[in-house]
Amino acid sequence: MAAEMIAIGPSDRVFVLTGAGISAESGLPTFRASDGLWAGHRVEDVCTPEALVENPALVWQFYSERRAQDEKAQPNAAHKALAELEERLGERFFLCTQNVDDLHERAGSRRMVHMHGELAKSRCEDECGRPPVEDRRVYRSLEEVGRCACGARLRPHIVFFGEMPLEMSRIEREIAECTVMVVIGTSGSVYPAANFVNWARSAGARTMYIGPERPLNAHVFSQIVEGKAGEVLPGLFEIQG
Ligand code: OAD
């Protein structure tokens, strides 16, 4: 077996965490590129509950642009490699993405959650309790934005800074059960996701990071595979048994 392969034994359970880097080769920009801006905006202007109150038109313009960009993007070899791994491992595989694009689903991933929300959905701005609805529309003005059944305006189904990530109890359960954690394309700067590797490691799991640069929490991983996800992931897993 080559040094840069990850062995998956017959009783291993694999938890994968992905970040913006896995979609970089699909043409979607990462968040913390060298200019520190997110597609030309400061995060606090477009990704906070305060921004939604103070300038909902800008928030919706921003997420409408992201929707348009997402629609044009295609899953890359890394998304496909994870869907294939799930096909081989079935219930022994679980994927948690921080990404709001739907490239994992479009590549075939099913046992997965979006902890930071989904671009393709909207929900009630007043949190009336109705579940999020599918909404891929690219709005040209605030007046066009749809309404919840309760009458309030819809907001993007995105976890803003200061809001609770989604699906945390399922994520915690899956991490507690995993024996291998593979983290791909995330800078390790946003919590609680940046802590998952600590939880897995203290429960005894092997922990690997894949990406072209070392993440902020690099010291916690037992193995780092340096390279672009789309180049490294295909053929990386050696499934035994
Ligand atoms: P970042 O932009 O912080 O980090 C992207 C990471 O991807 C960097 O570490 C890059 O080195 C790496 N990378 C770049 N190209 C890559 C490639 N081809 N293959 C693999 N890795 C590559 O993005 P995240 O860590 O995902 O939250 O950001 C975390 C959260 O911060 C996001 O989910 C978002 C943001 O605010 C919300 O939207 C709530």
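Start with helix α4, residues 56-72: this helix gives the largest cavity four lining residues, the largest share of that lining. Bear in mind as you go that the model is predicted.

**Stop 1: the largest cavity**

Keep α4 coloured and add Leu28, Pro29, Phe31, Val100 and Asp101. Of the 14 residues lining the largest cavity, these lie nearest its centre. The enclosed volume is about 190 Å³. What classes of residue make up the lining of this cavity? Eight are nonpolar, three are polar and three are charged. Leave Phe31 selected; this residue returns at the ligand.

**Stop 2: the ligand**

Now select the ligand. The space it takes is the largest pocket. Show the residues around the ligand: there are 23. Phe31, Arg32, Thr186, Ser187 and Glu213 are the closest. Colour the shell by class and you get 10 nonpolar, nine polar and four charged residues.

Next, look at two elements of the fold. Helix α1 (21-24) supplies at least two residues of the ligand shell, and so does strand β9 (206-211).

**Stop 3: polar contacts of the ligand**

Zoom in on three places.

- Thr186: a polar atom of the side chain is 2.6 Å from a ligand oxygen.
- Phe31: here a polar backbone atom lies 2.8 Å from an oxygen atom of the ligand.
- Gly21: a backbone N or O atom is 3.4 Å from a nitrogen atom of the ligand.

How much of the ligand does the protein bury? Alone, the ligand exposes 800 Å², and the protein buries 93% of that.

**Stop 4: the second largest cavity**

Keep Thr186 selected. Thr186 is among the closest residues to the ligand, and Thr186 also lines the second largest cavity. That cavity has a volume of about 50 Å³.

Which residues line the second largest cavity? Add Leu17, Val183, Gly188, Ala193, Ala194 and Val197 to Thr186, then Tyr209, Pro215, Asn217 and Phe221. Colour this lining by class: eight residues are nonpolar, three are polar and none is charged. The lining of the largest cavity, by contrast, includes three charged residues.

**Last stop: the whole structure**

Zoom out and show the cavities. How many cavities of 30 Å³ or more does the structure hold? It holds three. You have visited the largest, at about 190 Å³, and the second largest, at about 50 Å³. To finish, reselect two residues. Phe31 is among those nearest the centre of the largest cavity, and its backbone meets a ligand oxygen at 2.8 Å. Thr186 lines the second largest cavity, and its side chain reaches a ligand oxygen at 2.6 Å.

Terms used
Residues numbered from 1 in each chain as written. Predicted model: local features only at pLDDT ≥ 70, side-chain atom pairs only at ≥ 80, totals over all residues. Heavy atoms only, no water. Near = heavy atom within 4 Å. Polar contact = N/O pair within 3.5 Å; in protein donor to acceptor, adjacent residues only side chain to side chain. Areas by Shrake-Rupley, 256 points an atom, 1.4 Å probe, with all protein chains shown as cover. 1 Å grid on protein atoms, 1.4 Å probe; cavity = no way out; pocket = protein on both sides within 12 Å on 5 of 7 lines; lining within 4 Å. Sits in = over half its atoms within 2 Å of the grid points. Nonpolar A, V, L, I, M, F, W, Y, C, P; charged D, E, K, R; others polar. Points joined across faces, edges and corners; volume = space filled by probe spheres on them.
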